[in-house]
Amino acid sequence: MTTIEQPSGPQQGDDAELAEFGYKPELKRSLGNFHTFAAGISYISILTGTFQLFYFGYGSGGPAYWWSWPMVFVGQFMVALCFAELAARYPIAGSVYNWSKKVGNPHLGWLAGWMMLIASIVSISAVALAYQLTLPQISSVFQFVGDGTGKYDVATNAVVLAAVLILFTTLVNAFGVKLMATINTAGVFIELVATVVLIVLFAVHITRGPQVVMQTAGTGAGYSTGYLGAFLVASLASAYVMYGFDTASSLGEECLDPSRNAPRAIIRAIVASFILGGLVLLLALMSVSSLKGDKLSTDGLQYIVLDVLGPTAGKAMLWCVLIAVTVCALAVHTAAIRLAFAMARDNNLPASSLMARVSPRFQTPVVPAVIIGVLALAILVVNIRQPQIFTVVTSIGIIMIYLAYLGVTAPMLVARLRGKWQPAAEGKFSLGRWGLLVNIVAVVWGVAMTVNLIWPRAAVYNAAAPYHWYLRWGAVLFVAVIAGGGFAYYWFVQRHRTGVLAEHRLEPAAAVPTAPLAAPAAD
């Protein structure tokens, strides 16, 4: 039986799960309950996602697209419940990677981690692009490239604004988790207050009843399946928003009492996002002066805010949206750093020793912060003259995240069916007898939505000229190359080097048995 050294000192209980993986504690535990909740909800970011993608959902499915919000919530809530149970058992950095490795096997864990890491880098770029949807609405001063009417003005200006945000998130994350948590918590507080205020202001300006969400605006006319086809496309606007709740657990090595705080933070983050986001979308449709015209499907919620609240109050609210976008990008960058650190600590990335090094001054992995920032900027540069940058970049990132989540929920279901899943100790979060049903729904949902996300429809991937087959099939090709090429690199090169780096390894000492759930041995 393997024995590992039991941590000592006041954080002994917090580090017990970390020791089970054979890691010694290195990151500073300084985050409380609200910090972890803030990390999860800022990743989901109600104001970022709804304001960034309302135009797409409404344009694709009309007001009835609202029903995709509760639909996606139910599916993602099942995933979140599985993650909460895993967070209670294994509150550790790089949550998706380590969970997949623990309940599945090292090979699957690497693939899930790799997909999540690339998706996180792509997501940083996608979130940063939301600056373009908000800043020029506040003032034309922020349209640095042209006047916004040229063919590439909007797309190129979006890259410029996004680059500024990515530089900011890189610097903040390089200076340590405490600075990140302070900015993130303040931003989340402002976002939550602004969301509640927006809901109230929309409510006092309603011009029509809730039956508006039964209108399809004729969007199903071009589909052989009628409105169902339009709704499935429109549902991507909601699917693009409600993810990232696992971030609360990925900060598990830096928060206090993580096995209790992380599960609560995961559940609270997704429930709060569902309630507040759903009300914003519903009341926006009920309060906008007119549902006619193309402004709703081009300028989205930003247009509704200015239309309902007027220029002064409307622009003040858009500044709050800008803050939400900023902390969302910050949270995504933070989660990506913890994932890269976790994989590098296992010698599972190129230059792992450098990537896993924790700065003694800032007590955070600085090198991954910089490399991830540079890669996110590179994605923007590649797409600098691509008018369809918003939907293409966002779609690719979300597809890989859904696949990474399946890399956790699917092996977890197999472990349950084989009777090998062991939840956390009594008194901590557990699904109990509901675990199997919840897990089955989570897997079925994950497969169904992944197919819906990746389906090569022109309405999603090539809605405007220029029309090219590789744009329509871009998501399939990109995901296949990333998954296939990445796993080939791992199988033939990296897996032969896998193992906890000596400088991060907890040396065997006192007898503390490992968990009963053992992953199958690596080949």
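Helix axes here are lines fitted to C-alpha atoms over the stretch in contact, and the angle between two of them runs from 0 to 180 degrees between N-to-C directions. With that in hand, the tour can begin; please keep in mind throughout that this is a predicted model.

**First stop: α2 against α14**

Select α2, residues 33–44, together with helix α14, residues 300–345. These two helices, α2 and α14, pack at an angle of about 115°, and their axes lie 7 Å apart. Because angles of 65 to 115 degrees count as roughly perpendicular, that value makes α2 roughly perpendicular to α14. If you turn the view to look through one helix at the other, the crossing in which α2 passes α14 is left-handed. To see where they touch, show the side chains of Ala39, Ser42 and Tyr43 in α2, which meet Val327, Cys328, Ala331, Val332 and Ala335 in α14. Sorted by class, the residues of this contact of α2 with α14 comprise seven nonpolar and one polar, with no charged residue.

**Second stop: α8 against α14**

Keep α14 selected and add helix α8, residues 153–174, whose axis comes within 9 Å of that of α14 and crosses it at roughly 55°. The two helices α8 and α14 are therefore oblique to each other, and their crossing is right-handed. On the α8 side, select Leu165, Phe168, Thr169, Thr170, Val172 and Asn173; on the α14 side, the residues they meet are Val325, Thr326, Ala329, Leu330, His333, Thr334, Ile337 and Arg338. The contact of α8 with α14 has seven nonpolar, six polar and one charged residues.

**Third stop: α16 against α14**

Now replace α8 by helix α16, residues 366–382, which packs with α14 at an angle of about 120° and with the axes 9 Å apart. At that angle, α14 and α16 are therefore oblique to each other, and α14 passes α16 in a right-handed crossing. The residues to display are His333, Ala336, Ile337 and Ala340 of α14, along with Pro368, Ala369, Ile372 and Gly373 of α16. By class, six residues of the contact of α14 with α16 are nonpolar and two are polar, while none is charged.

**Fourth stop: Arg357**

From α16, step back along the chain to the loop between α15 (352–355) and α16, where Arg357 is found. Which residues does Arg357 contact, leaving aside its neighbours within four places in sequence? Select Thr364, Pro365 and Val366, with which Arg357 is in contact. It is also worth drawing a distance from Arg357 to Phe341, since the C-alpha atoms of these two residues, 16 residues apart along the chain, are separated by 8.0 Å.

**Fifth stop: the cavities**

Switch now from helices to empty space: a search of the whole structure finds five cavities of 30 Å³ or more.

The largest cavity has a volume of about 130 Å³. To centre your view on it, select Gly49, Gln52, Val127, Tyr240 and Tyr243, which lie nearest its centre among the 17 residues of the lining. Several helices can then be coloured around this cavity, for α2, α3 (46–61), α6 (106–128) and α17 (389–417) each supply at least two residues of its lining. The largest share, four residues, comes from α3. Divided by class, the lining of the largest cavity has 10 nonpolar residues, seven polar ones and no charged ones.

Move on to the second largest cavity, in which about 70 Å³ of space lies. Its lining can be selected as Gly94, Ser95, Val96, Met116, Ser120, Asp246, Thr247, Ser250, Ala335, Ala336 and Leu339. The elements that give two or more residues to this lining are α5 (95–103), α6, α12 (247–250) and α14. Which element gives the most to the lining of the second largest cavity? The tour returns here to α14, which supplies three residues. By class, the lining of the second largest cavity has five nonpolar, five polar and one charged residues.

Note on methods
Residues are numbered from 1 along each chain as its sequence is written. This is a predicted model: local features need pLDDT of at least 70, side-chain atom pairs count only at pLDDT 80 or more; totals for chains, interfaces and linings use all residues. Side-chain values use heavy atoms; hydrogens and water are left out. Angles under 35 degrees count as roughly parallel, over 145 as roughly antiparallel, 65 to 115 as roughly perpendicular and the rest as oblique. A crossing is left-handed if the near helix is turned anticlockwise from the far one by less than a right angle, and right-handed if clockwise. Contact means heavy atoms within 4.5 Å. Ala, Val, Leu, Ile, Met, Phe, Trp, Tyr, Cys and Pro count as nonpolar, Asp, Glu, Lys and Arg as charged, and the others, Gly among them, as polar. On a 1 Å grid over the protein atoms alone, a cavity is a set of points where a 1.4 Å probe fits but cannot get out, and a pocket is an open set with protein on both sides within 12 Å along at least five of seven lines; lining residues have an atom within 4 Å of a point. Grid points are joined across faces, edges and corners, and a volume is the space filled by probe spheres set on the points.
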